[in-house]
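Welcome! Here is a short guided tour for anyone meeting this protein model for the first time.

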Amino acid sequence: MENREKEHLLALKVMRLTRPSLYSTRPISTGSNYFAYNLLNEELKHDPGSAENLECCNSGNLLMLPQSFGNIYLGETFSCYMSVHNDSQQTVTSVQVQADLQIGLQKIVLSGQRGNYCSFSQLNPNESVDDVIHHEVKEIGTHILACTVNYTTMSNEKLHFRKFFKFQVSKPLDVKTKFYNAEDYISDEVYLEAPLQNITIAPMCLEKVALEPSANFTSRQLNTVETEKRIQPIFGEVNCLNPQDSWQYLFCLTPKPGTQSYSKLVKNISSIGKLDIVWRTSMGERGRLQTSQLERMAPGYGEIRLIITEIPSIVTLEKPFPVTMKIINACDRALDLLFTLRNSFSNGILWHGISGQKFNNIEKGSFVSVSLEAIPVKPGLQSVSGLVVKELFLKRVYNFNDVTQVFVTTEGSSR
């Protein structure tokens with residue numbers, strides 16, 4: 001293949017354009033009792049690559065051009081320089097250079113500063129044409145840059161040749177998402193926790209981590225701390241994320257006013273939105289990553305939902321305490337309900353009140369409030385259980401156990 005390329009009148013060179021890096025020195029430090037101590041220190045001080053007054057620091061003060069192709073990460077911009085040079089003593093005409101990027105079965109025609117096709121009517125001996133191509137990498141995996149050169153010789157012979165350059169695109173960030181549903185029927189808020197881990201080999205500065213919500217939600221970020229003077233990011237002014245380190249971001253999503261939040265967004269699979277992440281490398285190269293549409297599976301509440309709205313976190317043994325709750329109609333029809341209490345001495349909390357309350361004609365999406373008293377009979381962390389709701393039309397029974405927990409202390413008790 002090399003012999004065939006030598007037969008061509010034109011030569012193609014392709015180089016990747018990247019930012020330089022800081023020159024790395026190799027300091028050799030010794031003890032003061034070593035005979036070459038002064039000699040080595042003087043050499044370090046006179047080394048033009050070492051930083052002033054930091055001779056033993058590995059990072060120098062000079063910039064160094066890239067020595068290899070380097071790493072390419074998803075979301076970064078791939079830039080390359082193409083040059084076609086006429087090595088012969090003949091003038092060639094109809095010179096055309098095209099660059100394609102092959103990703104699996106997909107083929108993308110790259111556009112440079114001269115357009116999709118770099119064309120020239122003629123190219124004299126020892127002349128060259130060049131172009132610069134920029135392409136934002138949007139897929140991980142193997143990429144093949146295919147460069148094709150077409151030209152016509154003085155004998156009107158049409159020739160062409162191709163060169164291929166293969167490189168890998170890796171994932172820069174490991175993004176995971178967790179959804180939490182607020183136990184608040186009125187707001188139906190959804191919390192998104194997004195841990196981001198830097199899986200590159202170099203630090204990165206996160207410029208932006210934002211959530212673009214879907215049409216049904218509004219969002220607010222919970223990643224700042226309000227002080228007396230101003231609002232500060234919890235990760236500091238310079239969000240520098242070292243390799244293998246991870247940060248956790250938190251967002252709150254609220255259904256927009258007028259949206260049938262519970263029937264449409266909570267009972268079904270809901271599209272939440274997309275995470276938009278922008279970062280820069282140590283030399284200022286910009287990268288951007290946008291996730292696909294995030295979806296969460298809402299919990300199956302069934303036709304009836306029970307929420308504890310008021311309960312003390314710490315109670316005293318054998319002293320009654322109040323509990324307030326909501327029983328919510330989560331189906332599409334009116335319900336008649338029977339609310340009963342079940343006590344078991346295996347539980348640490350017993351109910352004290354009227355069992356067997358009836359609630360008639362509870363409209364869809366509405367709720368009833370119930371106030372009860374409970375008596376703790378065991379010390380320690382105890383679960384609230386024994387709440388039973390029966391739907392009278394279809395005779396369905398809903399048992400609510402381990403709804404919440406309270407801590408029972410013996411201080412101030414009769415024992």
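The paragraphs below walk through some strands, a surface patch, a loop and the cysteines of this predicted model.

**Strand 6 and its partners**

Let us begin with strand 6, which covers residues 92-103. Strand 10 (residues 141-152) runs antiparallel to strand 6, and 8 bridges join the two. In this pairing, aspartate 100 of strand 6 has alanine 146 of strand 10 opposite. Strand 6 also pairs in the antiparallel sense with strand 7 (residues 106-109), here over 4 bridges. Glutamine 102 and lysine 107, the latter in strand 7, stand opposite each other. Strand 6 and strand 7 make a hairpin with 2 residues between the strands, and there glycine 104 takes a positive phi near 65°.

**An open sheet and a nonpolar patch**

Next comes an open sheet of 3 strands, in the order 25-34-31, with mixed pairing. Strand 25 and strand 31 each have a single partner strand, so one side of each is left without a neighbour in the sheet. From one strand to the next, the twist averages 40°. Strand 31 and strand 34 (residues 404-409) run antiparallel and are joined by 5 bridges. Opposite glycine 380 stands valine 408 of strand 34.

Leucine 381 belongs to strand 31, which spans residues 380-384. Is leucine 381 buried or exposed? Leucine 381 has a relative accessible area of 55%, so this residue counts as exposed. Together with Ile314 and Phe407, Leu381 forms a nonpolar patch on the surface, with about 320 Å² of accessible area for the three together.

**A loop residue**

Lysine 319 sits in the loop between strand 25 (314-316) and strand 26 (321-329). Glutamate 373 is 54 residues away from lysine 319 along the chain, and their C-alpha atoms are separated by 9.9 Å.

**Cysteines without disulfides**

How many disulfides does the structure hold? The count is 0. For cysteine 80, the closest cysteine sulfur is in cysteine 147, at 6.3 Å; that is too far for a bond, because a disulfide needs the two sulfur atoms within 2.5 Å.

Finally, this table gathers the relative accessibility of the residues named in it.

| Residue | Relative accessible area | Class |
|---|---|---|
| Cysteine 80 | 1% | buried |
| Cysteine 331 | 8% | buried |
| Lysine 319 | 42% | partly exposed |
| Leucine 381 | 55% | exposed |

Methods:
Residues are numbered from 1 along each chain as its sequence is written. This is a predicted model: local features need pLDDT of at least 70, side-chain atom pairs count only at pLDDT 80 or more; totals for chains, interfaces and linings use all residues. Side-chain values use heavy atoms; hydrogens and water are left out. Two strands pair if DSSP finds at least two bridges between them. Buried means under 20% relative accessible area, exposed over 50%, partly exposed in between (1.4 Å probe, protein chains only). Patches are made of residues with over 30% relative accessible area and no salt bridge: like charges are joined within 9 Å, nonpolar side chains (Val, Leu, Ile, Met, Phe, Trp, Tyr) within 5 Å. Accessible areas come from the Shrake-Rupley method with a 1.4 Å probe; for residues, only the protein chains shown count as cover. A salt bridge is a side-chain nitrogen of Lys or Arg within 4 Å of a carboxyl oxygen of Asp or Glu. Axes are lines fitted to C-alpha atoms, for helices over the stretch in contact, and angles run from 0 to 180 degrees between N-to-C directions.
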